[in-house]
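Hi there,

I'm passing a structure on to you, and I'd be glad if you would open it alongside this note. What I found in it follows below.

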Amino acid sequence: MNKRARFVILLAVLAICFAFLWPSISWYGRTPKEVQSLALGSTESIKDYSTNEASKDVIAIKQLVKENPDAKLNESLAWIEKKAAAKYKKLGEKVPAEMTAKAVLNAYSSELEFLNDLESYYREKIKKAKKNYEQSVKLGLDLSGGMNVIVRADLDAAVAAQGDSLAASDVEAFKKDAMENALENLTSRIDRFGLTSPTIRQQGDDRIYIEIPGAAQADAINTLIMGKGMLNFRLTDMEATSAFRAYYTQHPASTFNAAGQLMDPSVIPSDTEVLGLYSKDSYGLDVRNDWLVVKKEIALDGKHIQSAEVRTDPYNGQPTVCFKLDAEGTTIFGQFTSEHRGEYLCIVSDDKAKSNAMINEPITTGDVQLSGAFSEQEARNIQKVLSTAWLNVPLNVESQQVIGASLGEVAIKQGVMAILLGLGLILVFMLIFYKGAGINAVVAQVLNLYLMFSILSAFNYTLTLSAIAGMILTIGMAVDANVLVFERIKEELRAGKSRVVAISMGFDNALWAILDSNITTLIAALFLSFLGTGAVQGFAVSLAIGVISSVFTALFVSRLIFDFQSDVLHAKKISIGWGIKQ
């Protein structure tokens, strides 16, 4: 391969690595702390923030127009002028010469449209930061602080609670469903609580591992884990719902306060409350699609549900959700549906409306069927909601470890100091012992770290103390390749070879020795990364990445620097050590 092709390849590698590294640079170096906090919050907290900020902007601009229609917007709201100008152009209208507060407001046909546009701006800003975080190098608990919890699900107790209603052949399937719903419940609760990017996964058959970076209160987490989801059935006031939707369309910015409470409670009857109607999006997160006004009185508690499943309607082939009630629930539900035939019944879970269906006829048998224009996925989601009431799996915190954020900061500083000190001492040694050629080693080592962090960022790797230890070890090992090459070049120079020939033969003769030593290390690192767990795995992965990048920089980059000095700078001699005569 000629030198120009190698140079192009090097530039391409550096550019690709920079693209991988950019999200980490943006997140840790360019994203303000308050934006980081929002981006790491739950989906609901991001939505609430966007809605609240947009509402404040709408109220402030309306007030400004009322006081002085010709006033200009504050600098903090100047970005809205560009959106308004784009709106005028989209409508085919002339953009006002001076974008006043009134001109900005007139660009929109309704207050709701204006609110949605502003909310979109804030949401996209946080989503962009969140995307950078998701694509960047993560900090493990030992660096960022936080807590990990191992929860044991008592599946045997859940099976025993079903009594004779569960056949022996269905026990394994029941346990599997129980674990899936326990995971679903915990994920929903923790995300709703607004905790920072939690990791929740199943371990073995009956354990759940939860990892929560950042500051977290152990008592609050335990309460969250041990708590049970609230599921019930309530009557929907459709007349009040229609009136509220109309009111919200006219006053979207002033309907709710920052806490999500109605600013004017008189817009709905006193015996009702407003709940969001939610469904699952493609990512499995709750998304609010509409509002419902439901009665505060609970018609039926979820504890009476014994089982739930999805079936196919034999008449139209549409998915339906069927659930069975216990004896007490059958009596309560039969009486309720007889009294409210033709009205709508809402399924409420954790203060969220999950479904709203009409009561077509009295249901007195205890076998309830929810039908409608459900997709298969929507039916499955409703079935999962209902299952949270009857799959009552006792959860016990088996182990818990809390790491303070201050300890994480100390660990980061010590790790960075160790890397810089180790790198600095090695580079000083190389410059003293190999003189001018040591510069090649310096450049190779700096690029080695650059490549390592880029690869870590590309795979969204979690950086831990053990991973930093692997990187420090790699720094020392990476110099071995340079030492082997430099020593072989010195041997060729002592034999009377010219600069170009000595460099070429030095790299060729050292190639297989370098590959042999690094391949054996790589094999060991790969086995550790696949078979190890926790700290061992973190160490092995960073070591494997370091081995690959160090071989590339030592053989490819260092050789290119030598060739550049020979062909472009026309160097005739090489400074590579003491006592070398050329």
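First, a word on naming: helices and strands here are DSSP runs, with at least four residues for a helix (H or I) and at least two for a strand (E), numbered from the N terminus. Please keep in mind that this is a predicted model.

With that naming, α14 covers 405–434 and α15 covers 438–458, and K435 sits in the loop between them. K435 caught my eye for its backbone: its phi is positive, about 55°, although the residue is not a glycine. As for its surroundings, K435 has a relative accessible area of 30%, so it counts as partly exposed.

Now the overall picture. The protein contains 18 helices and 15 strands. Of its 582 residues, 44% are buried. If you take the contacts with a separation of 6 or more, 71% of them join residues 24 or more positions apart. The exposed surface comes to about 30,100 Å², with carbon and sulfur atoms supplying 57% of it.

A helix to look at is α8, residues 155–162. Which of its residues are buried? They are L155, A158, V159 and Q162. These four cover an arc of only 100° around the axis, which means that they lie on the same side of α8. The spacing fits the general rule: an α-helix has 3.6 residues a turn, so residues three or four places apart point the same way. D156, A160 and A161, on the other side of α8, are exposed. Exposed here stands for a relative accessible area over 50%, and buried for under 20%. Just after α8 comes G163, which takes a positive phi of about 65°.

Finally, there is a sheet worth a look. Three strands make up an open sheet in the order β9-β10-β13, with antiparallel pairing. Its edge strands are β9 (305–312) and β13 (367–370), each of which pairs on one side only. From one strand to the next, the twist averages 20°. How many bridges link β10 and β13? Strand β10, residues 319–325, pairs with β13 in the antiparallel sense over four bridges. If you want a place to start tracing this pairing, take V321, whose bridge partner in β13 is L370.

That is what I have for now. Happy browsing, and do write back with your thoughts!

Best wishes

Definitions and conventions
Residues are numbered from 1 along each chain as its sequence is written. This is a predicted model: local features need pLDDT of at least 70, side-chain atom pairs count only at pLDDT 80 or more; totals for chains, interfaces and linings use all residues. Side-chain values use heavy atoms; hydrogens and water are left out. Buried means under 20% relative accessible area, exposed over 50%, partly exposed in between (1.4 Å probe, protein chains only). Contact means heavy atoms within 4.5 Å. Accessible areas come from the Shrake-Rupley method with a 1.4 Å probe; for residues, only the protein chains shown count as cover. The arc is that of the directions from the helix axis to the C-beta atoms. Two strands pair if DSSP finds at least two bridges between them. Axes are lines fitted to C-alpha atoms, for helices over the stretch in contact, and angles run from 0 to 180 degrees between N-to-C directions.
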